[in-house]
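Reader: Please take a close look at one part of this model, the charged side-chain pairs, and set them against the strands and the cysteines. Start with what the database record offers.

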Amino acid sequence: MQFARINDITIHYQVIGATGEKPVLVFANSLGTDFRIWRDVVVRLAGEFAIVLYDKRGHGLSDVGQVPYSIEDHATDLAALLDLLAVRQAIVCGLSVGGLIAQSLYQRRPDLVRALVLSDTAPKIGTAEMWDARIAAIEAGGIEAVADAVLERWFTPAFRRPENVAFTGYRNMLIRQPVAGYIGTCAAVRDADYTEAAKKIAVPVLCVVGEDDGSTPPDLVLSMAKLIPDARYEVIREAGHIPCVEQPEILTAILRPFFELVMHGDKNE
């Protein structure tokens with residue numbers, strides 16, 4: 001395990017491969033998860049790329065720090081981590097709130113971003129009323145109080161079947177996140193709106209979404225893709241809000257040609 005002191009908190013991260021020798025992929029995970037959600041994608045890409053994974057503040061093995069947060073706080077953490085690792089011009093892949101962090105990172109530090117993969121996210125996610133209700137429910141009853149509703153949006157019914165031990169494991173991941181970190185990040189998502197900024201993104205962007213995503217449905221992700229100049233858009237069948245868990249092979253198959261385009265351009269031009 002690797003840890004760094006960043007912005008007065010300890011951040012848990014992992015680097016796979018030499019960042020100075022290969023193109024770098026950076027993965028930012030969703031609300032209520034840690035970087036293990038990317039494992040089945042990472043194992044398919046390791047060797048071809050250098051890979052940076054990390055637990056954002058308030059999640060996994062990283063410190064909680066001062067709450068509530070803003071998305072800019074999360075983006076500043078990621079920028080500092082990439083500076084520490086001497087990473088520039090990375091392909092940043094963000095899922096859900098990770099996608100908001102990726103958008104903020106590009107806005108604040110475009111030198112760090114070569115391209116964006118925005119998975120199951122949007123420039124603005126949900127309403128203030130929705131997030132305030134979730135925060136109130138967790139303050140009253142812990143993450144367990146909202147877990148079943150959250151998991152219905154995360155995963156398809158096929159994945160949520162009782163005999164699927166992986167589903168039990170991901171439920172454990174959710175309910176064992178620090179309550180303060182989860183609530184702090186809910187506030188960050190509630191207050192974020194990158195709608196105008198999305199129109200000014202000038203790097204290659206791939207927008208992907210699970211067909212059965214209950215948190216950021218395909219229509220919402222498509223509306224984001226239409227805002228971003230020349231963005232690509234893909235729907236992943238038989239997946240909910242976290243395709244990297246439910247359909248890692250399909251997601252990787254979508255990522256590869258996009259990465260090839262980013263690194264080498266369109267050979268047909």
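Author: A UniProt annotation is quoted here in the numbering used for this chain, with its feature name shortened, and it may be inferred rather than shown by experiment. The model itself is predicted. With that in mind, the unreviewed UniProt entry carries the annotation "domain: AB hydrolase-1" for residues 23-133. Over that stretch the chain is 35% helix and 21% strand, and the C-alpha atoms at its two ends are 41 Å apart.

Some strand context comes before the charged pairs. Strand β1 (residues 2-6) runs antiparallel to strand β2 (residues 9-16), with 5 bridges between them. Ile6 has Ile9 of β2 as its bridge partner. The hairpin formed by β1 and β2 leaves 2 residues between the strands, and Asn7 there has a positive phi near 50 degrees. Strand β2 pairs in the antiparallel sense with strand β4 (residues 50-54) as well, over 4 bridges. In that pairing Gln14 stands opposite Leu53 of β4.

Now the charged pairs. The structure holds 15 salt bridges, and one of them joins the side chains of Arg256 and Glu48, with 2.6 Å from N to O. Arg256 belongs to helix α11 (residues 248-264), while Glu48 sits in the loop between α1 (39-45) and β4, so this pair ties together parts that are 208 residues apart in sequence. Neither partner is classed as buried: Arg256 is partly exposed at a relative accessible area of 33%, and Glu48 is partly exposed at 39%.

A second salt bridge links the side chains of Asp111 and Arg88, at 3.4 Å from N to O. Both residues are in loops: Asp111 lies between α3 (97-108) and β6 (113-119), and Arg88 lies between α2 (71-84) and β5 (90-95), so the contact ties together parts 23 residues apart in sequence. Asp111 is partly exposed, with a relative accessible area of 32%, and Arg88 is partly exposed at 44%.

A third contact is between helices. The side chains of Arg171 and Asp148 meet in a salt bridge of 3.0 Å, N to O. This pair links distant parts of the chain, with Arg171 in helix α6 (residues 165-175) and Asp148 in helix α5 (residues 144-154), 23 residues apart. Asp148 is partly exposed, with a relative accessible area of 48%. Returning to the loop pair, Arg88 and Asp111 are part of one network with Asp83 and Arg109, joined by salt bridges that share partners.

That leaves the cysteines. The structure holds 0 disulfides. A disulfide would need two cysteine sulfur atoms within 2.5 Å. For Cys93 the closest cysteine sulfur is that of Cys244, 10 Å away, which is too far for a bond. For Cys186 the closest one again belongs to Cys244, and the 19 Å between the two sulfurs is too far for a bond. Cys93 is buried, with a relative accessible area of 1%, and Cys186 is buried at 0%. By contrast, the charged residues Arg256 and Glu48 are partly exposed.

Methods. Residues are numbered from 1 along each chain as its sequence is written. This is a predicted model: local features need pLDDT of at least 70, side-chain atom pairs count only at pLDDT 80 or more; totals for chains, interfaces and linings use all residues. Side-chain values use heavy atoms; hydrogens and water are left out. Two strands pair if DSSP finds at least two bridges between them. A salt bridge is a side-chain nitrogen of Lys or Arg within 4 Å of a carboxyl oxygen of Asp or Glu. Buried means under 20% relative accessible area, exposed over 50%, partly exposed in between (1.4 Å probe, protein chains only).
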